[in-house]
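I opened my notebook today to look up a few side chains and who sits beside them. Here is the model I had on screen.

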Amino acid sequence: MSCRALYENEFSAKALFAAGLAIMPALLFNPSTEYRVIQFLFYLLLALLSGKKIDLPAVLFITLFIVVFNLIIPYGRIIFSIGAFKVTSGSLEAGIYRAVTLQALVMLSKVTVRGDLKLPGSFGQLLGESLQVFTALTSRKIRITGNDFIAEIDNLMLELGQEELQQPDVQVIKTKPLGYIIIATAIIVSWALFLLAINSHYFI
């Protein structure tokens, strides 16, 4: 069985979503930039194994943009200067930290939010649909050229809405024993990295 088939048949959508909620605090409260990078790479690997489309150039571009934006306000030790522009250790680490956090959340959402997710209640339905739209948007290649930004965004949303209307009814999948083992492993790895980050942050 391929990894994509395993992802689609061994897990229920609700179990994946619950796993995402269990993992998210281990990411958001991680104080270490280095261990947060490892978490991002772990979630990226999971997304690739699950068969999700990853636009790596877009990931690199957004990461670089966030890092450069944070360099505008320098603080910390000066690493090097380009004319009047100073690259400092504090702003560089803050940029990497924020960029990796965003990308890790995107990868985690790709893995834990599936198209057949159905949450109870009106709020649950709204939340599920919003997460699915976010996941679908992050799965697309960037095609915004800047010639007519508003029109291009509008066309993108129209295309997404048409795709959603064309979605067929999906079979409800129940989580198999292997699925529970994989979910538990992913949660344990995420929290183990969090605990290692805590130890390295406070005891060095």
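Over the face of which residue does R114 lie? I looked it up, remembering that this is a predicted model. R114 lies over the face of Y7, at 5.8 Å from the ring centre.

**Entry: F11**

R114 came up again when I turned to F11, since R114 is among the residues in contact with F11. I found F11 in the loop between α1 (3-9) and α2 (13-28). Is F11 buried or exposed? I noted a relative accessible area of 5% for F11, so this residue is buried, as the cut-off is under 20%. Next I listed its contacts, leaving aside neighbours within four places in sequence: L6, L16, R114, I173, T175, G179, I182 and I183. I then checked I173 by its backbone. F11 and I173 are 162 residues apart along the chain, and I read 6.6 Å between their C-alpha atoms.

**Entry: S109**

I moved on to S109, which has its place in helix α5 (residues 89-112). S109 has 9% relative accessibility and counts as buried. What does the side chain of S109 reach? I traced it to the backbone oxygen of V106, at 2.7 Å.

**Entry: salt bridge**

How many salt bridges does the count come to? I wrote down one. R4 forms a salt bridge with E8, and their closest N and O atoms are 2.7 Å apart. Both belong to helix α1, and because they are four residues apart there, about one helical turn separates R4 and E8. I also checked how open each partner is. R4 counts as partly exposed at 42% relative accessibility, and E8 counts as partly exposed at 34%.

**Entry: aromatic pairs**

The count here came to four aromatic pairs, and I looked up two, beginning with F42 and Y43. Their ring centres are 5.7 Å apart and their planes are at 50°, so I noted this pair as tilted. F42 is buried, with a relative accessible area of 18%, and Y43 is buried too, with 1%.

Then I looked at F65 and F69. Their ring centres are 6.4 Å apart and the planes are at 20°, so this pair is stacked. Why are F65 and F69 separated by about one helical turn? Because they are four residues apart in helix α4 (residues 56-70). I added one last remark to the page: both F65 and F69 are exposed, whereas F42 is buried and Y43 is buried.

Conventions:
Residues numbered from 1 in each chain as written. Predicted model: local features only at pLDDT ≥ 70, side-chain atom pairs only at ≥ 80, totals over all residues. Heavy atoms only, no water. Helix = DSSP H or I, 4+ residues; strand = E, 2+ residues; numbered from the N terminus. Buried < 20%, exposed > 50% of the residue type's maximum accessible area, 1.4 Å probe, protein only. Contact = heavy atoms within 4.5 Å. Polar contact = N/O pair within 3.5 Å; in protein donor to acceptor, adjacent residues only side chain to side chain. Salt bridge = Lys/Arg side-chain N within 4 Å of Asp/Glu carboxyl O. Phe/Tyr/Trp six-rings, centres within 6.5 Å; stacked < 30°, edge-to-face > 60°. Lys NZ or Arg CZ within 6 Å of the ring centre and 35° of its normal.
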